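Here are three short exercises to work through with the model open beside you. Take each task on your own before reading its solution.

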Amino acid sequence: MQLKAIVISLKKSIDRREYIIKQCNQIGIEYEILEGIDGSTLPENIRNEFVQARKNAYAPKGLPPSKWEVTPGVVGCAL
């Protein structure tokens, strides 16, 4: 069975994308590029909804904010 790599890459990260494509080609890995979501460009209300959902899930379990508050990059990665 031939495996296929799914590469999630921000459109603006041209050097990173080119690097991983080169690596895949060199070792013969089939790949597909999916455009990532840049969390820093998302509206604040979207980021806040994500953080609130995590808070609702984790705060009742006694986890501190450091476990459920996230950066915009984490939100983009999750989406």
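A pocket here is an open set of grid points with protein on both sides within 12 Å along at least five of seven lines, and its volume is the space filled by probe spheres set on the points. Keep in mind that the model is predicted.

**Exercise 1.** Describe the largest pocket and its lining.

*Solution.* Start with the volume, which is about 300 Å³. Next, look toward the centre: of the 19 lining residues, Ile8, Ser9, Leu10, Gly36 and Ile37 are the closest to it. Then turn to the elements: strand E1 (4–9), helix H1 (14–27) and helix H4 (72–78) each give two or more residues to the lining. H4 gives the most, with four. Finally, sort the lining by class, and you find eight nonpolar, seven polar and four charged residues.

**Exercise 2.** Decide whether Asp38 is buried or exposed, and find its partners.

*Solution.* First locate Asp38 in the loop between strand E2 (30–35) and helix H2 (44–58). Its relative accessible area is 18%; buried means under 20%, so Asp38 counts as buried. Now check the side chain, which makes a polar contact of 2.7 Å with that of Ser40. Leaving out residues up to four places away in sequence, Asp38 touches Leu10 and Lys12.

**Exercise 3.** Place Val70 and list its contacts beyond its sequence neighbours.

*Solution.* Val70 sits in the loop between helix H3 (65–68) and H4. With a relative accessible area of 22%, Val70 is partly exposed. Beyond neighbours within four places in sequence, Val70 contacts Phe50, Val51, Arg54 and Val75. For Phe50, 20 residues away along the chain, the C-alpha separation from Val70 is 8.7 Å.

Key:
Residues numbered from 1 in each chain as written. Predicted model: local features only at pLDDT ≥ 70, side-chain atom pairs only at ≥ 80, totals over all residues. Heavy atoms only, no water. 1 Å grid on protein atoms, 1.4 Å probe; cavity = no way out; pocket = protein on both sides within 12 Å on 5 of 7 lines; lining within 4 Å. Nonpolar A, V, L, I, M, F, W, Y, C, P; charged D, E, K, R; others polar. Buried < 20%, exposed > 50% of the residue type's maximum accessible area, 1.4 Å probe, protein only. Contact = heavy atoms within 4.5 Å. Polar contact = N/O pair within 3.5 Å; in protein donor to acceptor, adjacent residues only side chain to side chain.
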